Amino acid sequence: MNNIVTMQTMKNGLANTRWTLLNTFCNGVLALVFAIPAHAALEVEISGGGAVQIPVAILPMTEAANVQGKNRLHEIISNDLRSSGLFRIINTGGMPALPTTASQIKYTDWTALKAQGLSLGEVQQAPNGTLKVSVQVMDVLRQTPLLQQTYTVSASQYRHAAHLIADQIYEKFTGQPGAFATRIAYVTKVGKRFTLQIADYDGFNAQTLVSSNEPIISPAWSPDGNRMAYVSFEKKKPIVFVQSLYTGERKAVANFKGNNSAPAWAPDGSKLAVVLTYGANSQIYTISADGSNLQQVTKSSSIDTEPAFSPDGQFIYFSSDRGGRPQIYKVPATGGSASRVTFEGAYNVSPRFSPDGKYLTYIRNDSGAFKVAVQDLGSGEVKLLSNGSQDESPSFAPNARTIMYATRVGGRGTLATVTVDGLVRQRLSEAGGDIREPAWGPASAVPK
């Protein structure tokens, strides 16, 4: 599972009221209490920014009358780029006339505003109902095109087209891929009904994958973005399911005696690491994605949990109290001797890798506050990134620049993001509700 009660509290036999930490270490059962309306977009608040922000102008697109009234594409693109902290969106409100084609651009006007890039385009509706979105991005300083692209999308993918354009602009100016066209998963609860939601990265277009009167936790995307593993308590015990995102077909892949929890996909999608109390303390196993070929990986008298495959699939990183306090260890994916990974701090749990393999994020107890940490695996440098006291469940964006995690603000649960340099933070919240268990999907996880 994603969250854990502190070992020291368990050993002292004290009741821990920190609701965000799940008692995986004591083989218990989660009883989450959330409240959030399904299908709602998340509110985004941004703080901080890059040391140097790229000034760009995102002009309104010419849109056919029958597609107006939707969220305007240029507004979505602007919000995406602004949220990265790397771009400053130029206010064009005072301009006497805005160009609608590249030939109409007066570059002296835009250099006076210190714009480095300028985006413009149009949206047309085809007879079959699809939308043709054409965009041009110009390099203002060189007066040359950076991007000329046309997307043909369905009406339901209107926002997705804007995210794709924002990704292209982000990459043209930073040299790194964007992550605006990706998706996230998270868990909500309304009354007694739990739902596993999948949405765009900014919380729009939320859809319910599964709903139950019993808790749902630990969503994990398959590497191809087509399946979701998760833990459901619908049978009054934790069972690991794998479900297709597009057909809805699902299968219980780990339903053994005791608890079945904390699914994590191997990089090739052929198997998962899971945590079972199958005849012992919580130990880590691997199992094929169809539920066959169960193999034990760790064998100890301690509690081993929260597995995560290394990007090359050779190792499984996990949380364990085998040293007396929770720390992160690694073991060969086929089993063998485990070695300790984290040495700074007395409490480190919930390991997750960046897709490029350069960083490891986890949760650290920092003087009683649970915060998101990131470790540069090349230099070994560790940074504390978040500023909350009850942060959990870190998950990397596909471009490895941003980490999403769950936190509590004003007594309720929200999602938050922070860049790996710690400069830009966002909070994604739903008015009047709680939200938990975030998982950022791979680059291939797009709406279909």
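Here are a few notes on the cores, one helix and one sheet of this predicted model.

1. Ground rules first. Numbering starts at 1 along each chain as its sequence is written, and side-chain values use heavy atoms, without hydrogens or water. As the model is predicted, local features need pLDDT of at least 70 and side-chain atom pairs count only at pLDDT 80 or more, while totals for chains, interfaces and linings use all residues.

2. The largest nonpolar core (buried Ala, Val, Leu, Ile, Met, Phe, Trp, Tyr and Cys joined through side-chain atoms within 4.5 Å; buried is under 20% relative accessible area, 1.4 Å probe, protein chains only) has 40 residues. Ile77, Leu81, Phe87 and Ile165 have the most contacts inside it. Helix H4 (158-174) is among the elements that supply at least two residues each, and H4 gives the most, with seven. Helices are DSSP runs of H or I, at least four residues, and strands are E runs of at least two, numbered from the N terminus.

3. Leu81 is worth a click: leaving out residues up to four places away in sequence, its contacts (heavy atoms within 4.5 Å) include Val56, Phe87, Ile169 and Phe180.

4. H4 has 17 residues and reaches 25 Å from first C-alpha to last, close to the 24 Å expected (1.5 Å times one less than its number of residues). Just after H4, Gly175 takes a positive phi of about 80°.

5. Elsewhere, S15-S16-S17-S18 is the order of an open antiparallel sheet, where pairing takes at least two DSSP bridges. S16 (271-276) and S17 (283-288) share six bridges, and Val275 stands opposite Ile284 in S17.

Key. Buried < 20%, exposed > 50% of the residue type's maximum accessible area, 1.4 Å probe, protein only.
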